[in-house]
Amino acid sequence: MNEGMPTSNVMKDEFGWEVPVESVPLPSRGVIYSPDSLIYNTETLQIKAMTAREEDILSSQAYIKENSVVENLIVSCLMEKSIDVNDLIIGDRNALMVSIRITGYGTDYKIKHSCESCSHSNEVVVDLSKLGIKRLVEEPLAPGKNIFQYQLPVTKKNIHYKFLNGHNQKEIALIQQRLKKSGIVYDNTVTNYLENTIVSIDGITDKNKIKHFIINMPALDSRKLRQHMREAEPGIDMKWKYDCNSCNHNNNIQLPITSEFFWPST
């Protein structure tokens, strides 16, 4: 007779150890997700600690090629499997990503940074557990809607915008790949960002008209809107301060996510 799959908790029953599970606070507090979603008004999500299984995901050439390593890592560690991780806005995904990394390799994240004052190369050890959480402070236009409002200072136009999620990121990457294959390369970081975040302008939702306005909008309107959205977007505050080993200058840097983040050398 063939034996079926074991139904007992082998790790606990045979080895006396269980994979730790912890709760991760969602910067958005879940208020911007649809009331039909499992994450609506959800303050935290549970993740399990990284194991050797997740290291397989990190080293998967297939996932690396399709740029889906982080997505599949979160899927593997998230306890509630019915949640589509691409529904999560970038800030909530980053909160899960940082917490998962800590469970696997600890809080130390080593980077190299050239001092802003003397250009000395510093080896900086960042304590990921001390990164601040940027909570959502602005209320959406309606409960369960990822729509927010801002009035441009120059043109006085009323802007409705959204925070990007995993689906949006995939769509943007797909469009860029298609353009690249066609030999078209645009250096349009600012306008591309605004095109993907702005939902309407004075009630106008036509994408072509919105694109036309974005291209021709006053530079001050563009800068103030982007500044407002960056400050309002919930997520993990990836800024870190350190004193230069050479000149003692206090550097305030935006942490890069390098290979050391998921593949620490020590």
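Helices, of at least four residues, and strands, of at least two, are taken here as DSSP runs numbered from the N terminus. On this basis the protein chain, examined as a predicted model, comprises 10 helices and 11 strands. The C-alpha trace extends over about 75 × 55 × 40 Å along its principal axes. Of the 266 residues in the chain, 37% are buried. Among contacts with a separation of 6 or more, 62% join residues that lie 24 or more positions apart. The chain exposes about 16,000 Å², of which carbon and sulfur atoms supply 49%. Its side chains include 30 positive and 33 negative groups, and the centres of these two sets are 8 Å apart.

Leu255 is located in the loop that connects strand S11 (250-254) with helix H10 (259-262). Because its relative accessible area is 6%, under the 20% limit, Leu255 counts as buried. Beyond its neighbours within four places in sequence, Leu255 is in contact with Ile111, Val126, Leu131, Met238 and Trp240. One of these partners, Met238, is 17 residues away along the chain, and its C-alpha atom is separated from that of Leu255 by 5.4 Å.

A second position with contacts beyond its sequence neighbours is Gln169, which belongs to helix H6 (residues 166-181). With a relative accessible area of 35%, Gln169 is partly exposed, since that class lies between the limits of 20% and 50%. When neighbours within four places in sequence are set aside, Gln169 is in contact with Ile90 and Arg93. The C-alpha atoms of Gln169 and Asn86 are 8.8 Å apart, although 83 residues separate the two in sequence.

Strands S6, S7 and S8 form an open three-stranded sheet in the order S6-S7-S8, with antiparallel pairing. Its edges are strand S6 (148-151) and strand S8 (198-201), each of which pairs on one side only. On average, neighbouring strands of this sheet are turned by 25 degrees against each other, direction ignored. Strand S7 (residues 158-161) is joined to S8 by three bridges in the antiparallel sense. Within this pairing, Ile159 has Ile201 of S8 as its bridge partner.

The loop between S6 and S7 contains Lys156. Phi of Lys156 is positive, near 65 degrees, in a residue other than glycine. Most residues other than glycine have a negative phi. Lys156 has a relative accessibility of 49% and therefore counts as partly exposed, the limit for an exposed residue being over 50%.

Asn67 likewise has a positive phi, about 55 degrees, although it is not a glycine. This residue is found in the loop between helix H3 (61-65) and H4. Asn67 counts as exposed because its relative accessibility is 69%.

Helix H4 (residues 69-77), which follows that loop, is mostly covered, with seven of its nine residues buried. The buried positions are Val69, Glu71, Asn72, Leu73, Ile74, Ser76 and Cys77.

Key: Residues numbered from 1 in each chain as written. Predicted model: local features only at pLDDT ≥ 70, side-chain atom pairs only at ≥ 80, totals over all residues. Heavy atoms only, no water. Buried < 20%, exposed > 50% of the residue type's maximum accessible area, 1.4 Å probe, protein only. Contact = heavy atoms within 4.5 Å. Areas by Shrake-Rupley, 256 points an atom, 1.4 Å probe, with all protein chains shown as cover. Lys, Arg positive; Asp, Glu negative; His and termini not counted. Charge placed at Lys NZ, Arg CZ, Asp CG, Glu CD. Pairing = 2+ DSSP bridges. Axes fitted to C-alpha atoms, helices over the stretch in contact; angles between N-to-C directions.
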